[in-house]
Amino acid sequence: MAAAVIAQAQPIYTTAEFRSQLVAATFEDAGVNPTPQSSAALDSVAVILKRNPEQHRYEVHGHTCPDAGTADASARSSVQRVEAMVKYLRSNGVPTANITTVINPPSGITAAGCTRDRRVEIMLVETRQVEVKPEPIAIPEPSEAPEPEPIAPPVGAALAAAHDAITALAAEQGKQAVAIYMAGDEPKGVQGVHKIMGGELARVISGSESYLAVDRTEIILEQLAKEHTYQRSGAVDDDQIKALGQQLGVQYLCISDINPVGKRYYLDTRLVDVVTAEIKRSVTETSALKDAEDMSRIARSIALELIEPEATRKARLLKKKIRRYTAIGLDILGAGAIAYGIIENNNVVKYKDETAMEPESWRAAERRNIAYSVGGSLLATGITLHILF
């Protein structure tokens, strides 16, 4: 009795479009001028724009704020920023017919923390032929026939496009490339935190002299899902880190994980070398993540700690320690001065009804007033240092 084995049918091909984000530019407040960091990134993208412009298409994506009260103004600003980006593409030799503009609806972030309306993304759209594997065919074969070797799936088109874009930008700027990966499931109580923090981490890291960072969370998740190795924790092992680094064309993987702890959130962010899978720098923080501004602030703080040189980091921590102990010292001195003022105030009360002791009462009142004034100033300075630093 012959056993059935599986044979691959002849492959067929179809055309498909693939999009990869070249740059996400942010703008100053309500204006149409990109931030200095975005301007630098746009200049670097020009190298890719000039490469085979007739064979590629580009999409310029604008975003609007969800607040109904400012929806019209937000839409106008988005259109103006998109037009500014289209003008930039044209000035770099991209044919008009190759540019498509898109104004996206609100992403669901609350109006109080809406930041995506100040963001314009330039996407590279490539049309490729991709292989479509038909259903395998069962062919009768002798039972002793060996099973065919499984065929490893090719690296996804999105990964290939991301690799080329990152490699070109990093080479142009002379920097080491970093892929941002927001691991795990996004906490339910902080909608949009992965998008906001991923973007802010990439922006701040790219503003350094040594690193160029891009948010590649979605592409990494797609690749892990394809390998059937994605876990709810979002963890990646050493072999996956090395493979992702090679496929994305980066030297480092920035992995950030957010977990709820009581009413706050614990953030664990690591900068991992993709060659050795060793952690170069690790930063942990706790935050309420109450709005988009708070999310952006904590992301900037984490990014700066990840990329700053060790000597700079030590100097910053030393200054922070000095300021803290200075504030504590001022608080103690201020409290002591006020305590002395209270003692002198008791003397004022004690002597004010005695005619013979009236001069002493006046002197006690002067000492009390000076003590209150000095103590209050010292306490206010100490408290200010605590708040600011």
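**Reasoning through a predicted fold**

Me: Leu289 sits in the loop between S11 and helix H7 (292-307). Since this is a predicted model, let's start there: why is Leu289 called buried?

Reply: Buried means under 20% relative accessible area. Leu289 has a relative accessible area of 2%, so it counts as buried.

Me: And what makes its phi stand out?

Reply: The sign. Most residues other than glycine have a negative phi. Phi of Leu289 is near 50 degrees, a positive value in a residue other than glycine.

Me: What about Ala277, in the loop between strand S10 (264-273) and strand S11 (279-287)? How do you know whether it is buried or exposed?

Reply: With a relative accessible area of 12% against a cut-off of under 20%, Ala277 is buried. Phi of Ala277 is near 65 degrees, again a positive value in a residue other than glycine.

Me: On to the sheet. What is the strand order?

Reply: S8-S7-S9-S10-S11, in an open sheet of five strands.

Me: Why are S8 and S11 called edge strands?

Reply: Each has a single partner strand, so one side of each is left without a neighbour in the sheet. On average, neighbouring strands here are turned by 20 degrees against each other, direction ignored.

Me: What makes the pairing "mixed"?

Reply: Strands of a sheet pair either parallel or antiparallel, and this sheet has mixed pairing. Strand S7 (residues 176-183) and S8 run in the parallel sense over five bridges, with Ala179 opposite Val214 in S8. S10 and S11, by contrast, pair in the antiparallel sense over eight bridges, and Tyr265 stands opposite Ser287 in S11.

Me: How do you know that S7 and S8 count as paired?

Reply: The requirement is at least two bridges, and S7 and S8 have five.

Me: Why is S8 described as largely enclosed?

Reply: Four of the five residues of S8 (residues 211-215) are buried, so the rest of the structure largely encloses this strand.

Me: Which helix does the chain pass through between S7 and S8?

Reply: Helix H4 (residues 193-206), in a right-handed β-α-β crossover. H4 lies across S7, S8, strand S9 (252-261) and S10, at about 165 degrees to S8.

Me: Last one: which residues have the most contacts inside the largest nonpolar core?

Reply: Leu22 and Leu89, in a core of 44 residues. Among the residues that Leu89 touches are Leu49, Tyr58 and Ile122. A second, separate core has 29 residues, including Cys254, Ile258 and Tyr265.

Technical notes: Residues numbered from 1 in each chain as written. Predicted model: local features only at pLDDT ≥ 70, side-chain atom pairs only at ≥ 80, totals over all residues. Heavy atoms only, no water. Core = buried A, V, L, I, M, F, W, Y, C linked by side-chain atoms within 4.5 Å. Buried < 20%, exposed > 50% of the residue type's maximum accessible area, 1.4 Å probe, protein only. Contact = heavy atoms within 4.5 Å. Helix = DSSP H or I, 4+ residues; strand = E, 2+ residues; numbered from the N terminus. Right-handed = clockwise from strand over helix to strand, strands pointing away. Axes fitted to C-alpha atoms, helices over the stretch in contact; angles between N-to-C directions. Lists of a residue's contacts leave out its neighbours within four places in sequence.
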